[in-house]
Amino acid sequence: MNFSLSTSPFRGNFIPLSLHSTSCFDFDLRFKPYLLSSNGFRRSRCCRSSFKFIQDSRLSRKRVIVCNVTEPHTEPDGNNEEEEGTYKNEETRALENSFEQNSPQPIDAEQLNKFSDENKDQNDVQSVDSIEVASGSPLPGVKPRQLGEAIKIPKETIDILKNQVFGFDTFFVTSQDPYEGGVLFKGNLRGQPGKSYDKISKRLHDKFGNEYKFFLLVNPEDDKPVAVVVPRTTLQPETTAVPEWFAAGAFGLVTVFTLLLHNVPVLQSDLLSTFYNLNLLKDGLPGALVTGLVLGIHELGHFVVAQNTGVKLGVPFFVPSWQIGSFGAITRIRSIVPNREDLLKVAAAGPIAGFSLGLLLLLLGFVLPPSDGIGIIVDASVFHESFLAGGIAKLLLGNVLKDGTPISVNPLVIWAWAGLLINAINSIPAGELDGGRISFAIWGRKASFRFTGVSIVLLGLSSLINDVAFYWVVLLFFLQRGPIAPLSDEITDPDQKYVALGVTVLLLGLLVCLPYPFPFTDETLISF
């Protein structure tokens, strides 16, 4: 900042704390300085000063005043010229010292004028000369590469994105902010979200190829659409120290053991005796095969639909459980899902396949007599543990099913029921479980987050009386809590037929887990 007072120039910086301006303003101020003389006060003629307020992002966002003050023209007075000159020099010297102490780094006026000219081209949208991509991942569930040096998105690229990639017909940009891995654009979404996303993606590819990735998301602060552009070089799937196939194989072997163990009640009371009676495990082979078949069909459904939609899945990690044989499998999504409808298809395919086979086997178990004529003897009250299994049992067995009365059933009923239960707990609307992904795809990210919180609380309360719920809530909290990685387009709603399919999965899971509240008596009438 340059000041010219009398004949002594000096430099100083001013930072107006209350100024909130994003462009330059010129003010003409007229003031009346008084010069002290030996004969008293003497008024000088009005002088003209020009103040310019400048803001530039490269000045650490500080606002600076450039002030050019013309020398005051005083009325001639031969007797006081020498005294006034002495006074001016002393006053100027004092002001010089004061401003030099407060401004250790003076700014050249030419540089400030250059900054001013650049700011005039902003057109109410803050320009960014270069944006550094931070090393932290901007998107949940996606791990950035460790780059040797920071990536910079030049101003020219930002201008092309605003003026040529986005537009009035797709997404009208009103403001932009540096994002951890790129740029976040705020604005007004035009037309149908799906069609606008396709247009923007095509234009982005035509201009930059595969250099950048575009996301159309919902701003959690105001629930309005935002566009995020990040360099693809910053995105890669999470990696592990141990190869996935090796870890998945180890978990799979343990799961086979727990499936066998679950179907041999004699060994469940003393786990250590299992190592001395391995021959008894063969007795649990039929039950392990049936339950394992339901689990396998579940995972196969995921992979078949993922292949059709272009979504890449990781190796499934089967989670062992000595209570029910297995808690199912954890399958990571290794690519960016295009939209909510594709996520809904992939997430619902597994439970639909598993529930279909499980229900078929359960019905066969109630209809077919045991192969040995005896089957498994259970108390009728066991069917109170599931609304779905209890309702089907009452419908097919009728008055034979009475509370407190032992009943012989085909082992297939118990094996299929275990498969249905594993499907059901994976259909809980929480985190990255199949149910959590389904709720996200149908109702959005914010609703999915709320479902997760409620589900964890309910599971925590259930764990007080059920050990399966306790282990499952621990697994969910530490491994499957989320968040779900962003989709390319999170705004476009899925088709209603897929929404109905997802809701069906959630209801089936609820029916399997909820208890059957009605007593099994002769007077009980069940109608479907």
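Is K162 buried or exposed, and what is its relative accessible area? I looked this up at the start: K162 is buried, with a relative accessible area of 15%. I note here that the model is predicted.

**Entry: the K162 pair**

I then looked for the partner of K162. The side chain of K162 meets that of D159 in a salt bridge, at 3.9 Å from N to O. D159 is partly exposed, with a relative accessible area of 21%. I wrote down the cut-off as well, because 15% for K162 and 21% for D159 fall on either side of the 20% under which a residue counts as buried. Both residues belong to helix α3 (residues 155–165), and they are separated by about one helical turn because they are three residues apart.

**Entry: K345 and E341**

I checked another pair within a helix. K345 and E341 both lie in helix α8 (residues 340–367), four residues apart, about one turn of the helix. Their side chains meet in a salt bridge of 3.7 Å, N to O. K345 is partly exposed at 23% relative accessible area, and E341 is partly exposed at 22%. I returned to α3 here and found that salt bridges with shared partners join K155, D159 and K162 into one network.

**Entry: K446 and D223**

Next I took a pair from separate elements. The side chains of K446 and D223 meet in a salt bridge at 3.0 Å, N to O. This pair links distant parts of the chain, 223 residues apart: K446 is in helix α12 (residues 445–462), while D223 is in the loop between β12 (212–218) and β13 (225–231). K446 is partly exposed, with a relative accessible area of 35%. D223 also counts as partly exposed, at 48% relative accessibility. For the tally, I recorded twelve salt bridges. As a reminder to myself, side chains of opposite charge can pair when their charged atoms come close.

**Entry: helix α14**

How far apart are the end C-alpha atoms of helix α14, and what span should its 18 residues give? I found the end C-alpha atoms of α14 (residues 496–513) to be 26 Å apart, and this agrees with the expected span of 26 Å, because each residue counts for 1.5 Å. At the start of the helix, a side-chain oxygen of D495 reaches to within 3.0 Å of the backbone nitrogen of K497.

I listed the buried residues of α14 as V499, G502, V505, L506, L508, G509 and V512. These buried residues pack against α8, α9 (387–397), α10 (411–426) and α11 (434–443).

**Entry: G419**

I followed α10 to one of its residues, G419. G419 is buried, with a relative accessible area of 0%. Leaving out residues up to four places away in sequence, G419 touches T291 and V294. I also looked up its distance to L361: the two are 58 residues apart in sequence and 9.6 Å apart in space, C-alpha to C-alpha.

**Entry: S321**

Which side chain makes a polar contact with the side chain of S321? I found that of Q323, at 2.7 Å. S321 lies in strand β14 (residues 317–321) and counts as buried at 2% relative accessibility. Residues up to four places away in sequence aside, S321 touches T258, S326 and F327.

**Entry: nonpolar patch**

I looked at the surface next. W322, F470, Y471, V474, F477, F478 and L479 form a nonpolar patch there, and together they have about 720 Å² of accessible area. I checked L479 on its own: it is in helix α13 (residues 467–479). L479 is partly exposed, with a relative accessible area of 43%. That value fits its place in the patch, because patch residues need over 30% relative accessible area.

**Entry: whole chain**

Last, I took down the totals. The protein has 528 residues, of which 43% count as buried. Its secondary structure comes to 14 helices and 17 strands. The accessible surface comes to about 28600 Å², and 59% of that belongs to carbon and sulfur atoms. Among contacts between residues at least 6 apart in sequence, I noted that 70% join residues at least 24 apart.

How values were computed:
Residues numbered from 1 in each chain as written. Predicted model: local features only at pLDDT ≥ 70, side-chain atom pairs only at ≥ 80, totals over all residues. Heavy atoms only, no water. Patch = residues over 30% accessible without salt bridge, like charges linked within 9 Å, V, L, I, M, F, W, Y side chains within 5 Å. Areas by Shrake-Rupley, 256 points an atom, 1.4 Å probe, with all protein chains shown as cover. Salt bridge = Lys/Arg side-chain N within 4 Å of Asp/Glu carboxyl O. Helix = DSSP H or I, 4+ residues; strand = E, 2+ residues; numbered from the N terminus. Buried < 20%, exposed > 50% of the residue type's maximum accessible area, 1.4 Å probe, protein only. Expected span 1.5 Å × (residues − 1). Contact = heavy atoms within 4.5 Å. Polar contact = N/O pair within 3.5 Å; in protein donor to acceptor, adjacent residues only side chain to side chain.
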